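User: I'd like to learn how to read metal sites and helix packing from coordinates. Can you walk me through an example?

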Amino acid sequence: MRLLIQNGYVIDPAQGTNTGKNLLIEDGRVVGLSSHSDDVPEGAEVFDATGLIVAPGFIDMHVHLREPGHEYKETIASGAAAAVAGGFTTICAMPNTNPINDNAAVTRFVIEQAERAGLASVFPIGAITKNSEGTELAEMGEMKDAGIIAVSDDGRPVPTAGMMRRAMEYARGFDLPVIDHCEDKSLARGGVMHEGHWSLVLGLRGMPAAAEEVDAERNCLLAGLTGARVHLAHVSTRGAIETVRRAKEKGLAVTCEVAPHHWTLTDEAAQHYDQNTKVSPPLRSQDHIDAIVEGLRDGTIDIIATDHAPHHADEKALEYDQAPFGIVGLETAVGLALERLVNEGVISLERLVELCSTNPARIFNLEERGTFRAGSRADLTILDPELAWTFDVSRSKSKSRNTPFDGYAFRGGTVATLVAGRIAYLHPDYGHAVQSRRPGALVS
Ligand SMILES: [Zn+2]
Ligand SMILES: [Zn+2]
């Protein structure tokens with residue numbers, strides 16, 4: 001099957017492309033880019049992308065899919081549906097399921113379930129330690145053979161520097177990046193929000209920025225010691241970003257990601273004890289947001305990732321200090337990036353594509369993704385920078401509803417998501433863009 005994405009504006013930082021181009025797809029692969037023209041190759045169907053941005057499919061490096069074990073919160077299929085509706089063609093699943101993905105059997109299960117769902121591609125991330133208990137290394141080699149692309153004990157960070165050193169040395173042997181949720185539990189002390197003005201006012205136990213920064217510093221020192229590839233998940237503090245900046249200056253293989261809620265909301269959002277403001281790491285003060293914005297602008301931050309963390313309404317309805325950490329994020333990330341970063345002039349659209357596609361593909365060796373080079377997978381995220389829309393969580397594809405962004409209005413959003421050349425999501429107002437000679441052939 002041939003499909004021509006016609007008259008769009010193509011942004012592919014991996015090839016230095018940032019201009020009006022047609023994009024031809026055949027049998028799920030990119031054939032190539034060509035100048036705008038009304039000519040349609042023999043037998044091709046057409047997607048009219050006039051006025052739209054055509055980017056290599058967005059990749060969300062950090063998602064919690066809850067299957068196996070907590071399917072009432074999210075399944076791999078429902079998470080993948082939320083992903084394509086949000087503009088993501090590939091997502092990476094954290095291992096803290098039940099059982100934990102610390103062995104090849106769970107890794108294979110995740111991959112098989114994702115294939116069955118047939119929506120976004122799902123790459124599993126394996127645990128660093130068995131059962132993520134921080135005491136014994138997991139079988140990284142077997143999991144890599146089964147399909148993991150990195151290791152992490154996200155949510156239960158590796159507690160000691162000695163264990164993390166061994167983990168990095170071991171992971172390096174398999175060329176697997178180590179992703180760490182930076183949090184020194186002895187400093188976080190069971191805190192439920194950022195330690196500062198608002199934790200005092202609200203009478204809630206705070207966790208200081210230093211709890212993240214001590215661990216970020218530790219991990220960067222160990223990256224230097226071991227030569228491992230180290231990726232810091234959801235950095236949220238000025239100090240952690242400063243640490244990454246210095247590590248990069250030294251030439252260490254350190255990268256990091258930031259989540260949309262961390263540049264959008266401050267800890268003041270917790271003032272009405274809304275449990276959907278309870279995330280880990282916590283929402284920080286404005287000074288930390290300023291540092292995140294600077295890191296996004298100057299290249300210190302490599303990736304935008306959602307940390308999509310579905311929880312059932314009954315659990316989130318517990319009192320603030322008892323409710324679980326985390327919010328869903330797959331369907332609001334692109335809106336928050338366009339609205340708060342691109343429209344505000346913080347970053348360009350090209351940099352957005354780098355953060356959401358080029359860089360995650362490169363850092364995690366996701367071959368054939370993150371670019372429109374000839375022969376790549378035809379994974380596409382098509383955006384309308386002028387689309388006016390409002391997020392209505394009651395229509396979310398996710399099984400969970402825990403978000404502080406219900407009712408948010410956005411300018412700019414996803415209009416279509418193509419996975420391996422097939423339209424996996426099409427915004428209801430853009431049905432006219434698809435000009436198929438066989439009605440319904442594209443949207444199945
Ligand atoms: Zn985490
Ligand atoms: Zn997480």
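Analyst: We'll go through the metal sites and then a helix, keeping in mind that this is a predicted model.

User: Which residues coordinate the zinc ion (ligand 2)?

Analyst: Start by listing the donor atoms around the metal. Here they come from His-62 (NE2), His-64 (NE2), Asp-154 (OD) and Asp-307 (OD), at 2.1 to 2.2 Å. Along the chain, the spacing of these residues reads H-x1-H-x89-D-x152-D.

User: Why is the arrangement of those four donor atoms irregular?

Analyst: Look at the angles the donors subtend at the metal. Four donors count as tetrahedral if all angles lie between 85 and 135 degrees. Around the zinc ion (ligand 2) the angles run from 85 to 175 degrees, so the arrangement is irregular.

User: And what are the protein donors of the zinc ion (ligand 1)?

Analyst: Asp-154 (OD), His-181 (ND1) and His-234 (NE2), lying 2.0 to 2.1 Å from the ion. Their sequence spacing is D-x26-H-x52-H. His-181 sits in the loop between β10 (178-180) and α5 (185-188), and His-234 in the loop between β13 and α8, so this pair ties together parts 53 residues apart in sequence.

User: How far apart are the two zinc ions, and which residue coordinates both?

Analyst: They are 3.4 Å apart, and Asp-154 coordinates both. Asp-154 belongs to the loop between β9 (151-152) and α4 (161-173), while His-64 is in the loop between β6 (58-63) and α1 (76-86), so that pair links parts 90 residues apart in sequence.

User: Are these ligating residues buried or exposed?

Analyst: Check the relative accessibility; buried means under 20%. His-64 is buried at 4%, as is Asp-154 at 5%. His-181 has 3% and is buried, and His-234 is buried with 1%.

User: Now the helix. How many residues does α8 have, and what span does it reach?

Analyst: Compare the end-to-end C-alpha distance with the expected rise. α8 (residues 238-249) has 12 residues and reaches 17 Å, close to the 16 Å expected at 1.5 Å a residue. After α8 comes Gly-251, with a positive phi near 85 degrees.

User: Which residues of α8 are buried, and what covers them?

Analyst: Ala-240, Ile-241, Thr-243, Val-244, Arg-245 and Ala-247 are buried. Their cover includes α7 (209-226), β13 (230-232), β14 (254-258) and α10 (286-298).

User: How do the axes of α8 and α10 cross?

Analyst: Consider both distance and angle. The axes come within 8 Å and cross at roughly 25 degrees. That makes α8 roughly parallel to α10. On the α8 side, Arg-238, Ile-241 and Arg-245 make the contacts, meeting α10 residues that include Asp-287, Ile-292 and Asp-298.

Notes. Residues numbered from 1 in each chain as written. Chains lettered and ligands numbered in written order. Predicted model: local features only at pLDDT ≥ 70, side-chain atom pairs only at ≥ 80, totals over all residues. Heavy atoms only, no water. Donors = N, O, S within 2.8 Å, 3.2 Å for Na, K, Ca; no water. Tetrahedral: all angles 85-135°; square planar, octahedral: opposite > 155°, others 65-115°. Helix = DSSP H or I, 4+ residues; strand = E, 2+ residues; numbered from the N terminus. Buried < 20%, exposed > 50% of the residue type's maximum accessible area, 1.4 Å probe, protein only. Expected span 1.5 Å × (residues − 1). Contact = heavy atoms within 4.5 Å. Axes fitted to C-alpha atoms, helices over the stretch in contact; angles between N-to-C directions. Parallel < 35°, antiparallel > 145°, perpendicular 65-115°, else oblique.
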